[in-house]
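Me: I've got a model open and a list of labels attached to it. Can we go through why each label applies?

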Amino acid sequence: MAAADVTGRRLVIFDFDGTLANTVPSIVSTARTVLAQHGLTDEGMGDLTRLVGPPFPQAYSLVYGFSEEEAAQITAEYRAIYRNIGASAWPLFDGIADLLARLRAAGRLTAVASSKQMRMVERALADNAVTDLFDRALGKTSDAEGDKVAVIRRVVRELGLTEGDAVMVGDRHHDVEAAAACGIPCVGVTYGGTGTVEELMGAGACACADTVEELGRVLLG
């Protein structure tokens, strides 16, 4: 059920993890290693995909109840491993590069608004050779900037547009809710195996796409 005005929105803002790139395996395996060192069993960890979406280090407090100090330490240990995995940590989903090229050929602007650190977003796009397919790509400048709403607003502002010009694409309720706080509709995606249709539509997504091909139809008509 796509919102009627989505295809007319000039700017398409993408989340990164689970939306543009299949980062779940690397995030989960790295988090499992670090959390085990902090005393969690596999049973205690449960579904580690819950860490995909909310910003670090806050995610470790939100999901597992760690104190602010321990969450920061876990995050530092996680990043020490994650940054050394390399390009295999963030491969684009099949069809994403083609979709971005089609959006730009249709005259649309494209951007990234991620809770990932800015330098990691830039590195991941470069590793996938898609930096030039985005008009803006923003992540967090510091862990104190835990609010995705601020990142989305920066994207819109830096491109000289208004919220009425934009549509968000994301895989978790965090994306839908942050977009809504900016007055921007959000298309949910489930092809990354993180969020579900129930989660995304329940949060207020204007549409859900199960495949990259379906996302293209929602965005381009």
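Reply: Sure, here are the labels one at a time, bearing in mind that this is a predicted model.

Me: Why is the pair Phe 56 and Tyr 78 called edge-to-face?

Reply: The centres are 5.0 Å apart and the planes meet at 80 degrees. Rings pair if their centres lie within 6.5 Å, and planes over 60 degrees apart count as edge-to-face, so both conditions hold.

Me: What makes that pair a link between distant parts of the chain?

Reply: Phe 56 sits in the loop between H2 and H3, while Tyr 78 belongs to helix H4, and 22 residues separate them. Both Phe 56 and Tyr 78 are buried, too.

Me: And how do you know what kind of pair Tyr 82 and Trp 90 form?

Reply: Same test: a centre distance of 5.6 Å falls within 6.5 Å, and a plane angle of 70 degrees is over 60, so this pair is edge-to-face.

Me: Are Tyr 82 and Trp 90 buried or exposed, and how do you know?

Reply: Buried means under 20% relative accessible area. Tyr 82 has 4%, so it is buried, and Trp 90 has 0%, so it is buried as well.

Me: Which residues do ring pairs link into a cluster?

Reply: Phe 56, Tyr 60, Tyr 78, Tyr 82 and Trp 90. The count of aromatic pairs in the model comes to six.

Me: What makes the peptide bond from Phe 56 to Pro 57 worth a label?

Reply: That bond is cis, with omega near 0 degrees. Most peptide bonds are trans. Pro 57 is placed in the loop between helix H2 (42–45) and helix H3 (58–64).

Me: Why does Ala 129 get flagged?

Reply: Ala 129 has a positive phi of about 60 degrees and is not a glycine. Most residues other than glycine have a negative phi. Ala 129 is found in the loop between helix H6 (118–127) and strand S3 (136–140).

Me: Why is Ala 129 called exposed?

Reply: Its relative accessibility is 68%, and exposed means over 50%, so the label fits.

Me: How many cavities are there, and what lines the largest?

Reply: The count comes to one cavity of 30 Å³ or more, and the largest cavity holds about 280 Å³ of space. Its lining has 20 residues, and the closest to the centre are Asp 17, Ile 27, Phe 56, Ser 115 and Lys 116. Helix H4 (68–82) and strand S2 (109–117) are the elements that give two or more residues to that lining, with S2 giving the most, four residues.

Me: How does the lining divide by residue type?

Reply: Into nine nonpolar, four polar and seven charged residues.

Key
Residues are numbered from 1 along each chain as its sequence is written. This is a predicted model: local features need pLDDT of at least 70, side-chain atom pairs count only at pLDDT 80 or more; totals for chains, interfaces and linings use all residues. Side-chain values use heavy atoms; hydrogens and water are left out. On a 1 Å grid over the protein atoms alone, a cavity is a set of points where a 1.4 Å probe fits but cannot get out, and a pocket is an open set with protein on both sides within 12 Å along at least five of seven lines; lining residues have an atom within 4 Å of a point. Grid points are joined across faces, edges and corners, and a volume is the space filled by probe spheres set on the points. Ala, Val, Leu, Ile, Met, Phe, Trp, Tyr, Cys and Pro count as nonpolar, Asp, Glu, Lys and Arg as charged, and the others, Gly among them, as polar. Buried means under 20% relative accessible area, exposed over 50%, partly exposed in between (1.4 Å probe, protein chains only). Rings of Phe, Tyr and Trp (its six-membered ring) pair if their centres lie within 6.5 Å; planes under 30 degrees apart count as stacked, over 60 as edge-to-face and the rest as tilted.
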